[in-house]
There are 2 protein chains.
Amino acid sequence: MNKRLGVLLSGRGSNFEALADSITANRIPNAEIAIVLSNREGAPGLDRAKSRNIPARAIPSKGLERETYDREVVAVLNEHKVDLVCLAGYMRLLSPYFVGAFPNGILNIHPSLLPSFPGLESQRQALEYGVKFAGCTVHFVDENLDAGPIVLQAVVPVNDDDTEDSLSAKILQEEHKIYSEAVRIVLEGRYKIEGRRVLHTNGRSM
Amino acid sequence: MNKRLGVLLSGRGSNFEALADSITANRIPNAEIAIVLSNREGAPGLDRAKSRNIPARAIPSKGLERETYDREVVAVLNEHKVDLVCLAGYMRLLSPYFVGAFPNGILNIHPSLLPSFPGLESQRQALEYGVKFAGCTVHFVDENLDAGPIVLQAVVPVNDDDTEDSLSAKILQEEHKIYSEAVRIVLEGRYKIEGRRVLHTNGRSM
C-alpha cells in the first residue's frame, strides 16, 4: 500500500513538482500524491498537478477564521486518506487544530538555515545580512512560523557576486533534493525526536 | 613595518594562541601581537601570552562603568600603537566610545553561524535547537552583541552522536583557521563593506 501525501501550496509549487518527480523516479518509494490543495484560486501549482493527473483543487481561505478554514482543509485531506502533509510554499500558519490532526505528520521546507531568517524573502534577508553561507531546512510543522524540529538542512555558499535571484536558484536546487530525502526518511519512520533534535534511525513504518 | 594587533580576552584565549601561531608561521605576514589585555585577573590567556614573550596584563573591570573602563583599555591599546583589535573570548560588550576609537578595526569570532545563536553557549544552543549544520563567524564589532558585518564564516556538520564537547571541538578547529584568514584579509585591506556585506577585493593596506 502506497503512503499518501497531501501537498499544500499557494503559488507555483516547484517543491511539489520535485516531490512528484522523486516519486516517479522511485527516490521516494511506495508513495503517491493523493491531493494537492491551494488556499488561492489560480495558483499555478494546481494546473501543474492536473497536468500530472493528480487531483488538485483550491479551497479559498478568504474571510474564514483560521481554524474554520483548517477544519475544511483537514476534512479534505482525510477524505483523501493522507498520511503525510507537505507544505510547498503554503503561505499560511497552521492552527493548533490542524497541527494536532497530523502529529509528526506535517513537513515544511524553508529557504534558509533556520533559525536564521524565518518568514518572507529569506534569501534577500540572508544576502542583506551578509552571511557567507545560506541554505534550506526541512522541518516538522508546529503552530509557530518556520519552527518545529529539523529533519534535514543543506548549505550553499554565498558568493560576492550573488544576487537574490542567483542565491535563490542555488538554494532551490538543494530544496528539491532534501525535501524528497526528508519525506522518504519520515515515511519510512527512520527517525526519532529527542527534545527538538531529529535523530536518524534504521526505521519503522510511519 | 609590522601591523600591530591588540588581543582582548577573558579566559584561556585559544583563539589568541591560534593568531600567535599564524603570525609565527607567516600565515598572517607582517604582523605582531603588540599587547594582550584581559578584564579578568588570572585569565589563563595572560600567562600563555607571557610565556610567548608577548606583553600581557589584566585591567580589572569590576565596579567601573562601561565607558570609563573602555577609555582605560583604549588608552592602553593606543600606547601600544595597536592597528587592529581582536576579541578572543572577551566577555564584554564594547561601548560606542570603544567602537568609535577603532573604525572597522575591531574583529570578533563567535562559535555559531550568525545570526543564529548569538550570546553564550552557542554550541549548546545549536545542539538543543537541532540544527544539522553549525559553524563560526568572524565579524567586525559594533556596540551590539555578536552583530556587525561578517568577514568569514565556516560550516561544520552536526552529527546525531555529537555532544556539546565534540561539536565545540569541531567548531574551534574552524575558528582557528578563519580567524587568522580574516585578520589577514583585514590587515591587507582586501575587502570593502557594502551595507552589511563584506566583499573581497584585491586590497590596499589597512
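Trainee: What makes the pairing of the A:Glu17 and A:Arg48 side chains a salt bridge?

Mentor: In this predicted model, the nitrogen-to-oxygen distance between the two side chains is 2.8 Å. The cut-off is 4 Å, from a side-chain nitrogen of Lys or Arg to a carboxyl oxygen of Asp or Glu. The value is within that limit, so A:Glu17 and A:Arg48 form a salt bridge. Side chains of opposite charge can pair when their charged atoms come close.

Trainee: How do you know that this pair links distant parts of the chain?

Mentor: A:Glu17 lies in helix α1 of chain A, A:Arg48 lies in helix α2 (residues 44–51) of chain A, and the two are 31 residues apart.

Trainee: How many salt bridges are there over all chains, and how many across the interface of chain B and chain A?

Mentor: The rule gives 24 over all chains and zero across the interface of chain B and chain A.

Trainee: What makes up that interface, then?

Mentor: Chain B and chain A each give 29 residues to the contact. About 2300 Å² is buried between them, and carbon and sulfur atoms give 53% of that area. On the chain B side, B:Tyr129, B:Lys132 and B:Arg197 lose the most area to chain A, together 29% of what that side buries.

Trainee: Back within chain A, why are α1(A) and α6(A) called oblique?

Mentor: Two packed helices are described by the angle between their axes and the distance between the axes. For helix α1 (residues 14–24) and helix α6 (residues 164–187) of chain A, the axes come within 9 Å and cross at roughly 50°. Roughly parallel needs an angle under 35 degrees, and roughly perpendicular starts at 65. The angle fits neither class, so α1(A) and α6(A) are oblique to each other. Their crossing is right-handed.

Trainee: Which residues make that contact?

Mentor: From α1(A) come A:Ser14, A:Asn15, A:Ala18, A:Leu19 and A:Ser22; from α6(A) come A:Leu172, A:Glu175, A:His176, A:Tyr179, A:Ser180 and A:Val183. By class, five are nonpolar, five polar and one charged. Glu counts as charged, so A:Glu175 is the charged one.

Trainee: How are α1(B) and α6(B) placed in chain B?

Mentor: Helix α1 (residues 14–24) and helix α6 (residues 164–187) of chain B pack at about 50°, with axes 9 Å apart. That makes α1(B) oblique to α6(B), and the crossing is right-handed. Among the contact residues are B:Ala18 and B:Leu19 of α1(B) and B:Leu172 and B:Tyr179 of α6(B). The classes here are five nonpolar, five polar and one charged.

How values were computed
Residues numbered from 1 in each chain as written. Chains lettered and ligands numbered in written order. Predicted model: local features only at pLDDT ≥ 70, side-chain atom pairs only at ≥ 80, totals over all residues. Heavy atoms only, no water. Axes fitted to C-alpha atoms, helices over the stretch in contact; angles between N-to-C directions. Helix = DSSP H or I, 4+ residues; strand = E, 2+ residues; numbered from the N terminus. Parallel < 35°, antiparallel > 145°, perpendicular 65-115°, else oblique. Left-handed = near helix turned anticlockwise from the far one by under 90°. Contact = heavy atoms within 4.5 Å. Buried area = accessible area lost by both parts, 1.4 Å probe.
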